[in-house]
Amino acid sequence: MVPPPSHHTPISRVAISTGGGDAPGLNAVIRAATLAARNRGWDVVGIRDGFNGLLSPDEYPDGGVVELSRRSVRGIVHLGGTILGTTNRGNPIAFPVQRPDGTWEEIDRSHELLDRFAEHGVDALISVGGDGSLAIAHHLHEQAATHDGRPLRVVGVPKTIDNDLEHTTSTFGFDTAVAFASDCIDRLFSTAASHGRVMVVEVMGRYAGWIALNAGTASGAHAILIPEIPYRLGPVADVIVEREEQDAKFSIVVVAEGAIPHDGERSVIGKAVGQAERLGGVGEKVAAELGRLTGKETRVVVLGHLLRGGSPTAFDRLLGLRFGAAAIRALDTGNDGVMVALAPPTVDYVPLADATHRQKLVPLDCDTMHTARDLGISFGDGIPDTT
Ligand code: F6P
């Protein structure tokens with residue numbers, strides 16, 4: 001909970017930016033924020049591709065900033081992605097610039113960005129994004145306080161399929177990702193059973209195991225490997241072999257992309273300048289090793305970006321709409337430098353300064369973990385059977 005706002009500068013024009021990886025429900029935020037603002041008599045503009053529409057306007061012949069009207073947000077709630085576009089290559093605080101010698105440096109363009117907002121007559125920014133975008137939003141909020149020119153108020157809206165943001169019970173996109181992953185795992189049961197194979201399913205989630213835990217538990221996986229528990233494959237192989245002995249010739253193993261072997265490193269594909277590191281490849285490694293340990297045929301399915309696509313579930317649509325409308329109410333009541341957050345049964349505001357301090361990892365004593373263990377699901381940590 002934030003202290004009551006101390007000032008209340010009037011708003012006439014709001015900008016919306018969607019940054020980082022897309023998540024189902026972004027368009028619901030854009031629609032709700034646009035309608036709630038327009039119903040207050042405020043103008044609304046959208047910035048293309050994070051902040052790139054303002055930082056690199058020449059790259060947008062049709063305009064890097066677009067008016068958002070009732071018409072332009074009509075019929076978009078059920079659509080995946082974001083009508084504004086997004087990027088994870090446009091961090092204004094660490095903007096990648098190539099030097100004449102071909103090497104790269106990262107420069108802070110936040111003051112330039114604040115000037116662009118002023119030129120467009122924007123009084124408030126709604127920044128929709130994950131930890132990176134919310135950290136940018138916080139930085140802009142701090143810089144705006146000392147920047148000469150038109151004041152800019154900033155409200156953050158948390159977004160990620162990974163559900164790894166602190167101070168909000170959930171983020172939109174997560175429910176859709178879990179529902180889709182569960183559906184995929186359901187489908188793998190019949191083919192795994194028909195062939196008597198081990199199917200390893202790698203899911204996104206970065207450094208948190210929320211998607212793997214929730215989808216794996218909901219769909220009855222036999223083992224789930226999450227970043228919060230460094231894994232050993234011996235106990236997982238034991239589960240597979242025990243099932244075999246009980247005439248269950250197949251097994252399903254769900255692996256979070258950020259899962260770490262107890263004696264090794266997280267599987268990283270690479271890191272480009274100005275971007276977060278890319279994770280991936282752990283599913284292949286797990287499948288190969290489980291094949292060796294059990295002698296069984298194994299196959300890997302990497303769900304990857306399929307988890308980010310498609311139509312948002314009703315839960316994510318509603319959460320996106322609630323967050324978008326709440327962001328406008330935050331501005332209307334004079335808030336600045338806050339993030340909207342789900343705090344059931346309501347939506348609350350928390351200081352942006354607190355929002356990105358640490359990631360929300362799966363607590364090992366949470367109810368879903370207990371449930372999974374009670375169901376006999378292995379986490380590759382060799383916890384002895386309590387029966
Ligand atoms: O944070 C969302 C997420 O989908 C992660 O689960 C994943 O590691 C990452 O983004 C992938 O990002 P990119 O779009 O750069 O491949």
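The exercises below, each with a worked solution, concern a predicted model of a protein with a bound ligand.

**Exercise 1.** Find where H147 lies, decide whether H147 is buried or exposed, and name the residues that H147 touches.

*Solution.* Begin with the position in the chain: H147 belongs to the loop between α4 (131–146) and β7 (153–158). Next, take the relative accessibility of H147, which is 15%; because buried means under 20% relative accessible area, H147 counts as buried. Then look for partners, leaving aside residues up to four places away in sequence, and you will find that H147 touches H111, L114 and D115. With H111 there is also a polar contact, made between the two side chains at 2.8 Å.

**Exercise 2.** Explain why helix α6 (residues 210–218) is described as largely enclosed by the rest of the structure.

*Solution.* First identify the buried residues of α6, which are W210, I211, A212, L213, A215, G216 and T217. These make up seven of the nine residues of the helix, and therefore α6 is largely enclosed by the rest of the structure. Now ask what provides the cover: the elements over these buried residues include α5 (174–195), β8 (198–203), β9 (223–225), β10 (251–256) and α11 (367–374). Finally, follow the chain beyond the helix, where G220 has a positive phi, near 75°.

**Exercise 3.** Describe the surroundings of the ligand and the polar atoms that lie close to its oxygen atoms.

*Solution.* Start with the residues around the ligand, which are N88, I161, D162, M204, G205, R206, E257, H305 and R308. Among them, G205 places a polar backbone atom 3.2 Å from a ligand oxygen atom, while R206 has a polar side-chain atom 3.3 Å from an oxygen atom of the ligand. For R308, an N or O atom of the side chain is 2.8 Å from a ligand oxygen atom. On its own the ligand has 400 Å² of accessible area, of which the protein covers 79%. The space that the ligand takes up is the largest pocket.

**Exercise 4.** Compare the backbone and the exposure of N163 and H167, and then locate a cis peptide bond.

*Solution.* Both N163 and H167 are found in the loop between β7 and α5. Although N163 is not a glycine, its phi is positive, at about 60°, and H167, likewise not a glycine, has a positive phi of about 70°. Their exposure can then be set side by side: N163 is buried, with a relative accessible area of 4%, whereas H167 is partly exposed, at 40%. Lastly, the cis peptide bond joins P344 and P345, with omega about 10°, and P345 lies in the loop between β14 (338–343) and β15 (346–351).

How values were computed:
Residues numbered from 1 in each chain as written. Predicted model: local features only at pLDDT ≥ 70, side-chain atom pairs only at ≥ 80, totals over all residues. Heavy atoms only, no water. Helix = DSSP H or I, 4+ residues; strand = E, 2+ residues; numbered from the N terminus. Buried < 20%, exposed > 50% of the residue type's maximum accessible area, 1.4 Å probe, protein only. Polar contact = N/O pair within 3.5 Å; in protein donor to acceptor, adjacent residues only side chain to side chain. Contact = heavy atoms within 4.5 Å. Near = heavy atom within 4 Å. Areas by Shrake-Rupley, 256 points an atom, 1.4 Å probe, with all protein chains shown as cover. 1 Å grid on protein atoms, 1.4 Å probe; cavity = no way out; pocket = protein on both sides within 12 Å on 5 of 7 lines; lining within 4 Å. Sits in = over half its atoms within 2 Å of the grid points.
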